[in-house]
Every structure is written in C-alpha cells, then in structure tokens.
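This report goes through one protein chain, part by part. Please keep the sequence and the structure in view while reading.

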Amino acid sequence: MAQERVQRKLTTILAADVEGYTRLMRADEEATLQTLGEYRETIDALIARHEGRIFSTGGDSVLAEFGSAVEAVRCAVSIQEDLAVRNMQLAEDRRMRFRIGINVGDVMVEDDDLYGDGVNVAALPAGLAQPGGICVSGSVFEQVKHRLSQGFEDLGPQEVTNIAEPVSVYRLVLGPVSVAAATAALRHRYRTGGRR
C-alpha cells in the first residue's frame, strides 16, 4: 500500500510566550492565571481580527497562522500595544509581557495542526524578542520591509537547534507607549474593526 502523501503549505507563523511566566506563577498562581486569561482574550480577538487562526496553545504560549506576513506583523504590533496599556494598570512585578516571533515557512498540515521547521523557526525570533517586543525572521522581513511604517534592527544570523543553516532575525522597533496615545489608538482600533 502506497504511503499517504503529506500535505504541505507555505504560511506565516506567529509564536508568542510570556517572559518570566514561571516567576509570575510562583509569586501568585491565581492572579497570574486570571491575567493570562484576560490577556489571551485580547490576543485571540486580535488574531481573529487580523485574519489569523490559532492552531496550538499550551500554558503561556500561542501559535497562530496567517495568510499574510503583513497582517501577522500588524497583529503582533496591535497585541503589544494593547497589552502595554493593560500592563500600566498592574504593579511592575505583576506585569505580563509577551515575546512574539514571526516566520514565513513551509509546514506540514495534519488536521488543524501545523508542524515542521516553519513552525520551529518562529520560536527562535520569539526567544530573541525583548519582553513586550517582536522579532521576525528574514523571510518575514523581506515581505514587510516596504509595506510597514515600523523600523527594523538587524540581529544577524542566529543558530536554531536542529536547523541546518542559521536564520536571519530582525527586531521590530516599537516606539514608547504613552497612556494617552495608546488609549486613543485602542479606542480608534475598536471603533474601526481593528484595521490600522
């Protein structure tokens, strides 16, 4: 009997996780889970608004796919702006900051899940991102560099476990968030359905 052919596709993967999640849980499990739940509602809604689809979650992490690298980056910026405003309402040691990485790559499809290097590479930029920050792979940078107003800092080639060649990584330069400006931006975004 012939082996069934593996279905593959090219897609954009967004990977997000919480910096210092273990520390937050150790300090106050209930408050951390409550904050995570509230923040996940925001993240999930923004992913849907930017035409993304969550395909995996676990603990403090989220994996989502997008048909467009531009929309994935716009979504990531919206997430970080929204959560920065929310974090201003919390004590410094209770703030929950996500790190986000984005990659465009070839993935294997099985039911609703995605697997392979395209997914694994997205975790590298996430791990290099500063708390509250966004990093993208070179494949994403090439697609968005002339389409978005944000600047990028070249972090150079980075080694990925079990990946043969280093991956180029770029840090998205986010401006400082002021309460007044961010709150106004959020109000506008929700009135206009999330389009930037």
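How many residues apart in helix H2 are Asp44 and Arg40, and about how many helical turns separate them? They are four residues apart, which corresponds to about one helical turn. The model discussed here is predicted.

## The chain as a whole

The chain contains six helices and eight strands. Along the sequence they follow the pattern β-α-α-β-β-α-β-β-α-β-α-β-β-α.

Of the 196 residues, 44% count as buried. The chain exposes about 10500 Å², and carbon and sulfur atoms supply 48% of that area. Among contacts between residues at least 6 apart in sequence, 71% join residues at least 24 apart.

## Helix H2

Helix H2 covers residues 29-49. At 1.5 Å a residue, its 21 residues should span 30 Å, and the end C-alpha atoms are indeed 30 Å apart, so the expected and computed lengths agree. At the N-terminal end, Asp28 acts as a cap: one of its side-chain oxygens lies 3.4 Å from the backbone nitrogen of Glu30. Just after H2, Glu51 takes a positive phi of about 65°.

Several residues of H2 are buried, among them Thr32, Leu36, Tyr39, Ile43 and Ile47. Arg40 is also buried, because its relative accessible area is 17% and the cut-off for buried is under 20%. Asp44 has a relative accessibility of 28% and therefore counts as partly exposed. These two residues form a salt bridge, with the closest N and O atoms 3.0 Å apart. An α-helix has 3.6 residues a turn, so residues three or four places apart point the same way.

## Salt bridges

The count of salt bridges comes to ten. One of them joins Arg99 to Asp17, with 3.0 Å between the closest N and O atoms. Arg99 lies in strand S4 (residues 97-110) and Asp17 in strand S1 (residues 7-19), so this pair ties together parts that are 82 residues apart in sequence.

Arg97 and Glu92 also meet through their side chains in a salt bridge, at 3.0 Å from N to O. Arg97 is partly exposed, with a relative accessible area of 25%, and Glu92 is partly exposed at 49%. In addition, Lys9, Arg53 and Glu65 are linked in a network of salt bridges.

## A polar contact of helix H3

Glu71 belongs to helix H3, which runs over residues 69-87. With a relative accessible area of 12%, Glu71 is buried. Its side chain is joined to that of His50 by a polar contact of 2.9 Å.

## Leu128 and its contacts

Leu128 is part of helix H4 (residues 117-128). Is Leu128 buried or partly exposed? Its relative accessible area is 28%, so Leu128 is partly exposed.

Leaving aside residues up to four places away in sequence, Leu128 touches Cys135, Gln158, Val169 and Arg171. Leu128 and Gly101 are 27 residues apart in sequence, and their C-alpha atoms are 8.1 Å apart in space.

## A nonpolar surface patch

Which residues form a nonpolar patch on the surface? They are Val6, Met108 and Tyr115, and together they have about 250 Å² of accessible area. Tyr115 is found in strand S5, residues 113-115. Its relative accessible area of 38% makes Tyr115 partly exposed.

How values were computed: Residues numbered from 1 in each chain as written. Predicted model: local features only at pLDDT ≥ 70, side-chain atom pairs only at ≥ 80, totals over all residues. Heavy atoms only, no water. Patch = residues over 30% accessible without salt bridge, like charges linked within 9 Å, V, L, I, M, F, W, Y side chains within 5 Å. Areas by Shrake-Rupley, 256 points an atom, 1.4 Å probe, with all protein chains shown as cover. Salt bridge = Lys/Arg side-chain N within 4 Å of Asp/Glu carboxyl O. Helix = DSSP H or I, 4+ residues; strand = E, 2+ residues; numbered from the N terminus. Buried < 20%, exposed > 50% of the residue type's maximum accessible area, 1.4 Å probe, protein only. Polar contact = N/O pair within 3.5 Å; in protein donor to acceptor, adjacent residues only side chain to side chain. Contact = heavy atoms within 4.5 Å. Expected span 1.5 Å × (residues − 1).
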